[in-house]
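Please walk through the following structure with attention to where its residues are buried, how its helices pack and which charged side chains pair.

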Amino acid sequence: MYCIKKVTDDLVWVGANDRRLAFFEGVYSVPAGVSYNSYLLTDEKTVLFDTVDKAVRQRFLENVETALKGRKLDYLLVQHVEPDHSAVIPELIRLYPNIKIVCSARVLEFIKQFYDFDIDSHVRLIEENETLNTGKHNLQFIMAPMVHWPEVMFTYDSTSKILFSADAFGHFGALNGALFADEVDFAKDYMDETRRYYSNIVGKYGTQVESALDKVSALNIEMICPLHGFVWRSNLNEIVSKYMLWSKYEPEERGVMIAYASVYGNTENAAEILACRLRDKGIKTVIFDVSVTPASEIVSAAFKWSHLVFASTTYNAGIFVTMEALINDLAAHNIQNRRVAVIENGSWAATSGGLIREILGKCEKINILENNVSILSGLKKAQLSDIESMVQAIAADFPAPAGVAAQNNQAAPNAVDPNTMFKLSYGLFVLTARDGNKDNGCIINTVMQITVTPVKITIGVNKANYTHDMILKTGKFNVSVLSEKAPFSVFQQFGFKSGKDTDKFAGSGEALRTTNGVRYLSEWTNGVISAEVKETIDCGTHTLFVAEVKQAFSLSSDASVTYQYYFDNIKPKPQPPKGNKKGFVCKICGYVHEGDTLPDDFICPLCKHGAADFERI
Ligand code: FEO
């Protein structure tokens, strides 16, 4: 009996789940099963996006037949030839002999390698960026080589704003009735399996994933349909932001993953003591016994944590079997950008530590601590100092917990030097809002990301700004990240005037808006973040808005402008005032306040900066 799910009015999920598969690709345990997704678009032409694994072919074929509702199948779009998505192609051709297989030349080559049927009479070859019109829909093809095989292709439906992402953004775990990620507690129940899928299946190809992300970053994507796992129709950043971190091999969490291989418990003992001492210092730790936990889970954890410790006994004059497999697996998956520490054990000739260092030392940006802990059979009291020095070396990378400085009598002098605030680094941004038909914007320097899941940011906005009131009222805003190419006129336009009596967008051309209806700047900016306010904190002169990011996209690879860069390179140097004026000049906008004194609570009438930003003429 068929089992299909509606994705949109003319798109149907016709995939199936497999909960009997012991090992995905013969390697990765999938205790919660896996889904093989396929989608049928019923436009003027009917289009099937990929097929499924042979294990679920019967359900899939019933699903396709049902979703077609008696119509013929016009196109089979093949994005990836790995047999978990292509196994049913030959049978589909027999059932629908007039079908056209739409694919790239590389896909065609792979289909011919795997299967033996007359494909040439069925094929319609397409190339990168070519578009297939199916009636209402336009399908654009985007090559995504090595995500996860060389022939992989994404498809963008510009009509429905759907990205069909092949293996990307997929996860292990069957779909249990739900189809959309927002129907479940994804972060709690599925993110670990998404990371395990990513790190083990495409983790090796971070550079290629980055370039695929780059290619699609300019597209307006409202839905992602992967070949495994849930469909994303909201909060796309929850998954995209993870891919951005993983593809760059950036850790998600600061903390220490300890993996140990221990035959009689002595190496385990050292790992446990190390973890306890790190926890005493407030540093997060997780521990894995590599002989018990599948390597794919430890590889996944290595992609998550910032610091990795490997503790292994010596075995057959080498690294213990399961640890050796893990270390080689990590190197094969291109693990990089981590701090690593090693503990070795050996009753007569300890070699495991040196060998682990040798393998990981060849990986990129792996910084291995010099501190050695070499155990002769069992840890002795005299060696606790070695563990302690490893703890100290790791702890040096973590900020001291609050209060530690005070306990050590290292508190700073009890005074606030306002110049110290200039040591902080800032970017510069155009903050925009819309209230009714009124668009407005101002310059701010206070944008900061605070969480990844979901992606949240804070902005601090001066209450004197009209944009502040608009955001307070509507709860929506955009941040356009200014690049080093931004001219001074942008700062004048958005920073030195009030939106109450000026149209700050006058003469700025086409009104570009994000999906929340708020305008953004496409010129002189390198990225746009669209967010919805979740909390406000009254900070006196300013309001701090805590907001969830709903949309974000890059516009260029130009460097973001910093406050320092603005002062050094963009802002004209203040000219001495004409005549013999006495007073104070605003370092931000050049406004001159005449007089012998400047009140502490003075606010620049042009740019709204305070007395601290003025200097005596
Ligand atoms: Fe799901 Fe690379 O196949």
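In this predicted model, tyrosine 315 has a relative accessibility of 38% and therefore counts as partly exposed, since that class lies between the buried limit of 20% and the exposed limit of 50%. Tyrosine 315 belongs to strand β19, which covers residues 305-315. Together with Val263, Tyr264 and Val321, Tyr315 forms a nonpolar patch on the surface, and the accessible area of the four adds up to about 450 Å².

The interior presents another picture. In soluble globular proteins, nonpolar side chains tend to be buried together. The largest nonpolar core here has 121 residues, and the members that touch the most others are Val7, Phe154, Met257, Phe310, Met323 and Leu360. Another core, of 25 residues, lies apart from it and includes Leu428, Leu482, Val561 and Tyr563.

Tyr563 also leads to helix α17, which spans residues 563-570 and has Tyr563, Tyr566 and Ile570 as its buried residues. Seen down the axis of α17, these residues fall within an arc of 85°, so they line one face of the helix. Their packing partner is helix α16, residues 488-495.

Helix α15, residues 466-474, can be read in the same manner. Its buried residues are Thr467, His468, Met470 and Ile471. They fall within an arc of 165° when viewed down the axis of α15, and therefore line one face of that helix. What does this face pack against? The buried residues of α15 meet a series of strands: β24 (429-435), β25 (438-444), β27 (456-462), β28 (476-482), β29 (525-539) and β30 (542-554). After α15 comes glycine 475, with a positive phi near 75°.

Strand β29 also holds threonine 536. With a relative accessible area of 44%, threonine 536 is partly exposed. Leaving aside residues up to four places away in sequence, threonine 536 touches Leu472, Thr543, Leu544 and Phe545. Its C-alpha atom is separated by 50 Å from that of valine 81, a residue 455 positions away along the chain.

Isoleucine 603 occupies the loop between β32 (592-594) and β33 (614-616). This residue is partly exposed, at a relative accessible area of 40%. Beyond residues up to four places away in sequence, isoleucine 603 touches Lys608, His609 and Gly610. The C-alpha atoms of isoleucine 603 and aspartate 613 are 9.4 Å apart, with their positions ten residues apart along the chain.

Several backbone details deserve inspection. Most residues other than glycine have a negative phi, and most peptide bonds are trans. Lysine 365, which is not a glycine, has a positive phi of about 50°. It is found in the loop between α12 (352-361) and β22 (366-368), and its relative accessibility of 54% makes lysine 365 exposed. Serine 377 likewise has a positive phi, near 75°. Its place is the loop between β23 (373-375) and α13 (384-395), where serine 377 is partly exposed at 30% relative accessible area. Threonine 453 and proline 454 are joined by a cis peptide bond with an omega of about -10°. Proline 454 sits in the loop between β26 (447-451) and β27.

The charged side chains complete the tour. Side chains of opposite charge can pair when their charged atoms come close. How many salt bridges does a search of the whole structure find? The total is 26. In one of them, aspartate 10 meets lysine 136, at 3.9 Å from N to O. This pair links distant parts of the chain, 126 residues apart: aspartate 10 is in the loop between β1 (5-8) and β2 (11-13), and lysine 136 is in the loop between β12 (131-133) and β13 (138-143). Aspartate 10 is buried, at 11% relative accessible area, whereas lysine 136 is exposed, at 56%.

Lysine 550 and glutamate 548 also form a salt bridge, their closest N and O atoms being 3.4 Å apart. Here lysine 550 is partly exposed at 40% relative accessibility, while glutamate 548 is buried at 12%. A further salt bridge joins the side chains of lysine 188 and aspartate 189, with an N to O distance of 3.3 Å. Lysine 188 is exposed at 62% relative accessibility, and aspartate 189 is partly exposed at 43%. Finally, Asp192, Arg195, Lys242 and Glu252 are linked in a network of salt bridges.

Notes: Residues numbered from 1 in each chain as written. Predicted model: local features only at pLDDT ≥ 70, side-chain atom pairs only at ≥ 80, totals over all residues. Heavy atoms only, no water. Buried < 20%, exposed > 50% of the residue type's maximum accessible area, 1.4 Å probe, protein only. Helix = DSSP H or I, 4+ residues; strand = E, 2+ residues; numbered from the N terminus. Arc of directions from axis to C-beta. Contact = heavy atoms within 4.5 Å. Core = buried A, V, L, I, M, F, W, Y, C linked by side-chain atoms within 4.5 Å. Patch = residues over 30% accessible without salt bridge, like charges linked within 9 Å, V, L, I, M, F, W, Y side chains within 5 Å. Areas by Shrake-Rupley, 256 points an atom, 1.4 Å probe, with all protein chains shown as cover.
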